[in-house]
Amino acid sequence: MTNIVKADIAKIASAPLSWEKLSGKTVLVTGATGFIGSFIIHSLMKKWEDDGLDVKILALVRNADRARIAYGEYEAKGRLSFLVQDVCHMFQQLVYLLL
């Protein structure tokens, strides 16, 4: 991650938003390895690291190996898990999420 991206993520994480509304929640991020999805994930994890925001992420990805390169450290810390699925194809099974 470049210094410019790190600075952008730090700026987002320090923004005066209602972060506490996400405390104790799990957030589904689609397109997790894309541009916007990666900023969302890194910003939420920065908020967790800096301020202890109790948020978990369910990242919708097409390729778990590629996603682990980007987010393996968050997965190892139990803050992120992957749902492997291409939204262009129908789900093979119905997944219920009770959060």
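Okay, let's start in the middle of the sheet: β2 and β3 run parallel, and five bridges join them. Before I go on, keep in mind that what you're looking at is a predicted model.

So where do those two strands meet, residue by residue? Take Leu58: its bridge partner in β3 is Ser81. Further along, Val61 stands opposite Val84 in β3. And how does the chain get from one strand to the other? Helix α3 is the link, and β2, α3 and β3 together make a right-handed β-α-β unit. That helix, residues 64-76, lies across β2 and β3, and it runs at about 165 degrees to β3.

Now let's turn to the other side of β2. Here we find strand β1, residues 25-29, which runs parallel to β2, residues 55-61, with five bridges joining the pair. Leu28 stands opposite Leu58 in β2. To get from β1 to β2, the chain passes through helix α2, residues 35-51, and this β-α-β crossover is right-handed. One more pair to look for on screen: Val29 has Ala59 as its bridge partner in β2.

Put those pairings together and what order do the strands take? It's β1-β2-β3, an open sheet of three strands with parallel pairing. The edges belong to β1 and β3, the latter being residues 80-84; each has a single partner strand, so one side of each is left without a neighbour in the sheet. Neighbouring strands of this sheet are also turned against each other, by 25 degrees on average if you ignore direction. As a quick reminder for anyone new to sheets, strands pair through backbone hydrogen bonds, either parallel or antiparallel.

What about β2 itself, buried or exposed? Six of its seven residues are buried, so β2 is largely enclosed by the rest of the structure.

Let's step back to the whole chain for a moment. There are three helices and three strands, and from the N terminus on they run α-β-α-β-α-β. Of the 99 residues in the protein chain, 30% are buried. The accessible surface comes to about 6,800 Å², and 57% of that belongs to carbon and sulfur atoms. If you take the contacts with a separation of 6 or more, 63% of them are between residues 24 or more positions apart.

On to the helices. We've already met α2 as a link, but what does it lie across? The answer is β1, β2 and β3, and α2 runs at about 160 degrees to β2. There's a residue in helix α2 I'd like you to find, and that's Ser38. Ser38 has a relative accessible area of 16%, so it counts as buried, the cut-off being under 20%. Which residues does Ser38 touch, leaving aside its neighbours within four places in sequence? Those are Ala32 and Tyr71.

Helix α2 also packs with α1, residues 3-13: their axes come within 9 Å and cross at roughly 60 degrees. The crossing is right-handed. As for who meets whom, the α1 side brings Val5, Asp8, Ile9, Ala10, Ile12 and Ala13, and the α2 side has Phe39, His42, Ser43, Lys46 and Lys47.

Last stop: the loop between α1 and β1, which is where you'll find Gly24. Is Gly24 buried or exposed? Its relative accessibility is 56%, so it counts as exposed. Now look from Gly24 over to Asp54: the two are 30 residues apart in sequence, yet C-alpha to C-alpha they are 5.2 Å apart in space.

So if you take one picture away, make it the open sheet with the order β1-β2-β3, with α2 lying across β1, β2 and β3 and α3 lying across β2 and β3. That's my tour, thanks!

Conventions: Residues are numbered from 1 along each chain as its sequence is written. This is a predicted model: local features need pLDDT of at least 70, side-chain atom pairs count only at pLDDT 80 or more; totals for chains, interfaces and linings use all residues. Side-chain values use heavy atoms; hydrogens and water are left out. Two strands pair if DSSP finds at least two bridges between them. Helices (H or I, at least four residues) and strands (E, at least two) are DSSP runs, numbered from the N terminus. A crossover is right-handed if, with the strands pointing away from the viewer, the path from the first strand over the helix to the second runs clockwise. Axes are lines fitted to C-alpha atoms, for helices over the stretch in contact, and angles run from 0 to 180 degrees between N-to-C directions. Contact means heavy atoms within 4.5 Å. Buried means under 20% relative accessible area, exposed over 50%, partly exposed in between (1.4 Å probe, protein chains only). Accessible areas come from the Shrake-Rupley method with a 1.4 Å probe; for residues, only the protein chains shown count as cover. A crossing is left-handed if the near helix is turned anticlockwise from the far one by less than a right angle, and right-handed if clockwise.
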